[in-house]
Structures are given as C-alpha cells and as structure tokens.
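Me: I have a new structure open and would like to go through its empty spaces and its helix packing. Can you take short questions as I go?

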Amino acid sequence: MKIRRIAATVLAVTSLVGGLTACGNSSSADSGTTVKVGVVGDSNEVWDQVVIPNLKKEGINVELVKFSDYIQPNEALAKGDIDLNAYQGYILMDDFNKTHDNVLAAVGETVLNPISLYSDKAKKVEDIPEGSEVTIANDSVNAARGLLLLQSAGLIKLDYKEGANPTPDDIVSNPKNLKITELEASQTARSLPDVGASVINVFMALDAGLNPKSDAIYIEPVNEQSKPYYNIIVSRAKDKDNATYKKIVDAYRSDDVKKLIDKLYKGAVIPLW
C-alpha cells in the first residue's frame, strides 16, 4: 500500500502577501478591515453569490483565499496568514489541534457534505472488479473517513482502536483484494479514469463535473455518527468570540444561503440550520 504523504503541496490562488495589519484582532476586524477566509476548491458560489455581497452591505469585506488541499488552510490560519477557514469538520480541526496546542476553535456550523464513492468501471458497488485500485484522500482524517465509507459499503472490514483514525493497515477483511491508494484530495477525482473506484469529497466531485446524487455509486450514510463531519467556520481559539466573525457565521446561516444550496446541490449538501 502506498505510504501516506504527510505534507501536501498547496496552490494558493489568492496571494497571502500583504496580510492584515492585525489578523484576528477584533477591533481591526470590527472597523471594516478585510477578513481573509481560507477555502478549498472552486465551488464557492455560496460565498461569492450571497455571503460576501450581504456582508459587504454591512461594511465587512471577505476575501477568499483558495487552497488545493486539506492541510495548508489550518497551517495558514494558525500562523495568522488568514483569519478564518471554512472547509473542514470538527474531526479534522480536532486532529490538527492535538499537535498544535489547541490553537483553533469553531465559530459556527455550516453544512454537512457526505462523501461518495464513484466508479467509471462499475454501476454498483458489487460490480467493482476484483483487484481494483481504489483511491482515497491522503490526509489522516479524510483517509479514515474514506475507509469507513468503504466499510459501510461492504467492501472492506476494519479493526482499529476506538477514537483513532483507521488506516489501510487496519483492514482485516478485503474480499475483492482491493488496492487502497492515498492521493491528495484534489487528485481523487482526476484518478477516476485510471482506477476501479474513488472516494471523493462533495466539492472536489462538483469541481470535476460529478453530481453525487446522480453519479455516485454509494453515498456516505447520514446519521447520529455524522456530527464529527459537520462543516465549521474556524478561527484561532483566541478569536472565537470575535463579533465580526460571528456576523460572518450568521450571514452564512441565512435563508438566502439555504435556498441557494438547495438550488445548486440538489440535496448533495445539507444545511445545518
């Protein structure tokens, strides 16, 4: 099995040069200073079409800083290069905090994005060819989530310590002899033509022209175990009560945003309000 790469290369589409004079400082943010929000991927219609315009009317300028992986946005936030990020669930933030002195905190919940299994080689899970390569994201949290999806789909069985993130080494049953390969999240959809199946995040799938509702062969179940994967808007822990950041969360959790999510994603993205 391919060894997980600990670090991933990031493509920052929006420059981080010339940062805020006082990143995370509530007085500077409240006075109308631009707030930099880290996001992953290109499906940012909710921010571009509703949240940013509505906040601008209140004198709050939001600048999206785009990344191509799930590792660098937390690093950038912890270092103060950005003020917030909006791309992850509790489980990823908590995993980061374990090795970074709990530097980050959730400001508010936004949506749930169930991940899905896709295949160009099979129309149903049971039709995935024996011995196929299956790709999953390579960061520890999303790799674990991908493995749990494969388990719930009946393709593998895992045996791992409760509270830990399972890894491919924890696979104890693999009837189809699948080869699990870990890639940067942005590469999972691109790998689809060359592999038997791929576990792909909602927005990476949408960026690749895939619709979870119509194109996936298996979608992650939504149940009481889903909360660790609720998407959250995250700040540095010291700034979690920043009034401006709370307004950004409120602007996201609006009726206008819910209507746009329903229109754009047809149930593939689930609002949490």
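Reply: Yes, and a place to begin is the second largest cavity, whose lining divides into 6 nonpolar, 4 polar and 1 charged residues. Keep in mind that this is a predicted model.

Me: ok, which residues line that second largest cavity?

Reply: The lining is made of Tyr-70, Ile-115, Ala-137, Asn-142, Arg-145, Gly-146, Ala-185, Thr-188, Val-199, Ile-200 and Asn-201.

Me: and which elements supply at least two of them?

Reply: Helix 5, helix 6 (185-188) and strand 10 (197-200) do. The largest share is that of helix 5, with 3 residues.

Me: how much space lies in there?

Reply: About 80 Å³.

Me: how many cavities does the structure hold at 30 Å³ or more?

Reply: There are 4 of that size. For the largest cavity, the volume is about 410 Å³.

Me: what lies nearest the centre of the largest cavity?

Reply: Ala-86, Tyr-87, Asn-113, Phe-203 and Asn-231 lie nearest its centre, out of 29 lining residues.

Me: which elements give two or more residues to that lining?

Reply: The strands are strand 1 (35-40), strand 3 (84-89) and strand 4 (104-112). The helices are helix 2 (45-57), helix 4, helix 5, helix 7 (202-207) and helix 10 (255-265). Strand 3 has the largest share of the lining, 4 residues.

Me: how does the lining of the largest cavity split by class?

Reply: It has 18 nonpolar, 9 polar and 2 charged residues.

Me: switching to pockets. how much space is in the largest one?

Reply: The largest pocket holds about 590 Å³. Its lining has 27 residues, and the closest to the centre are Ile-91, Leu-148, Tyr-160, Gln-225 and Tyr-229.

Me: which elements give two or more residues there?

Reply: Those are helix 4 (90-98) and helix 5 (140-152). Helix 5 gives the most, 7 residues.

Me: and the classes for the pocket lining?

Reply: The pocket lining has 14 nonpolar, 7 polar and 6 charged residues.

Me: helix 4 and helix 5 again. at what angle do they pack?

Reply: Their angle is about 140 degrees, and the axes are 9 Å apart. An angle over 145 would count as roughly antiparallel, so helix 4 and helix 5 are oblique to each other.

Me: what's the handedness of that crossing, left or right?

Reply: The crossing of helix 4 and helix 5 is right-handed.

Me: which residues meet there?

Reply: From helix 4, Ile-91, Leu-92 and Asp-95 meet Ser-140, Val-141 and Asn-142 from helix 5. By class, this contact has 3 nonpolar, 2 polar and 1 charged residues. Two of these names have come up before: Ile-91 is among the residues closest to the centre of the largest pocket, and Asn-142 is one of those lining the second largest cavity.

Me: what about helix 3 and helix 4, how do their axes cross?

Reply: The axes of helix 3 (residues 72-79) and helix 4 cross at roughly 55 degrees and come within 11 Å. Helix 3 and helix 4 are therefore oblique to each other. Helix 3 passes helix 4 in a right-handed crossing.

Me: who meets whom in that one?

Reply: Asn-74, Glu-75 and Ala-78 are on the helix 3 side, and Leu-92, Met-93 and Phe-96 are on the helix 4 side. The contact divides into 4 nonpolar, 1 polar and 1 charged residues. Leu-92 is also one of the helix 4 residues that meet helix 5.

Me: last pair, helix 2 and helix 10. what angle and how far apart?

Reply: They pack at about 165 degrees, with axes 10 Å apart.

Me: why is that pair called roughly antiparallel?

Reply: Angles over 145 degrees count as roughly antiparallel, so helix 2 and helix 10 are roughly antiparallel to each other. Their crossing is right-handed.

Me: and which residues make that contact?

Reply: On helix 2 they are Glu-45, Val-46, Gln-49, Val-50, Val-51 and Asn-54. These meet Asp-256, Val-257, Leu-260, Ile-261, Leu-264 and Tyr-265 on helix 10. The split is 8 nonpolar, 2 polar and 2 charged. Helix 2 and helix 10 also each give two or more residues to the lining of the largest cavity.

Conventions: Residues numbered from 1 in each chain as written. Predicted model: local features only at pLDDT ≥ 70, side-chain atom pairs only at ≥ 80, totals over all residues. Heavy atoms only, no water. 1 Å grid on protein atoms, 1.4 Å probe; cavity = no way out; pocket = protein on both sides within 12 Å on 5 of 7 lines; lining within 4 Å. Points joined across faces, edges and corners; volume = space filled by probe spheres on them. Nonpolar A, V, L, I, M, F, W, Y, C, P; charged D, E, K, R; others polar. Axes fitted to C-alpha atoms, helices over the stretch in contact; angles between N-to-C directions. Parallel < 35°, antiparallel > 145°, perpendicular 65-115°, else oblique. Left-handed = near helix turned anticlockwise from the far one by under 90°. Contact = heavy atoms within 4.5 Å.
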